[in-house]
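Welcome to this short tour! Please open the structure in your viewer and get ready to select a few residues along the way.

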Amino acid sequence: MRIKVINKEEKIKINLVLPNSVIKSKIISSSIQKYVGDNISKDVMKKIYQVIKEYIKENGHFNLVEVDSKDGTFVKIVL
């Protein structure tokens, strides 16, 4: 997973490279639970990770989020 944030006005560039297995972490699952409202078990997160891994293997990496705002901030998350 690559997270890239660029702010052209303030000349800030942030590049983070994280393994896709971060999806299985407790921090991510608790964040998802806040928005979904259901209890998500480790088994569900492992299944999500397996599906994403298979998709990347068949189709290659893809942009999960790509935002270019008016104030010059650019955010891109690639899985």
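Start by selecting Leu16, which sits in strand S2, the run of residues 12-17. Keep in mind as you look that this is a predicted model. Is Leu16 buried, exposed or partly exposed? Its relative accessible area is 41%, so it counts as partly exposed, a class that lies between the 20% and 50% cut-offs.

Now add Ile12, Ile14 and Leu18 to your selection. Together with Leu16, these residues make up a nonpolar patch on the surface. The four share about 290 Å² of accessible area.

**Next stop: positive charge**

Select helix H2, residues 42-59, and look for Lys57, which belongs to this helix. Lys57 is exposed, because its relative accessible area is 77% and the class begins over 50%.

Which residues join Lys57 in a patch of positive charge? Select Lys24, Lys26, Lys42, Lys46 and Lys53: with Lys57, they gather on the surface. Helix H2 supplies four residues of this positive patch, its largest share.

**Last stop: two rings**

How many aromatic pairs does the structure hold? There is one. To see the pair, select Tyr55 and Phe62 and show their side chains. The rings meet edge-to-face, with 90° between their planes and 5.2 Å from centre to centre.

Finish by showing the surface around these two rings. Tyr55 is partly exposed, at 41% relative accessibility. Phe62 is partly exposed as well, with a relative accessible area of 23%.

Note on methods
Residues numbered from 1 in each chain as written. Predicted model: local features only at pLDDT ≥ 70, side-chain atom pairs only at ≥ 80, totals over all residues. Heavy atoms only, no water. Patch = residues over 30% accessible without salt bridge, like charges linked within 9 Å, V, L, I, M, F, W, Y side chains within 5 Å. Areas by Shrake-Rupley, 256 points an atom, 1.4 Å probe, with all protein chains shown as cover. Salt bridge = Lys/Arg side-chain N within 4 Å of Asp/Glu carboxyl O. Lys, Arg positive; Asp, Glu negative; His and termini not counted. Charge placed at Lys NZ, Arg CZ, Asp CG, Glu CD. Helix = DSSP H or I, 4+ residues; strand = E, 2+ residues; numbered from the N terminus. Buried < 20%, exposed > 50% of the residue type's maximum accessible area, 1.4 Å probe, protein only. Phe/Tyr/Trp six-rings, centres within 6.5 Å; stacked < 30°, edge-to-face > 60°.
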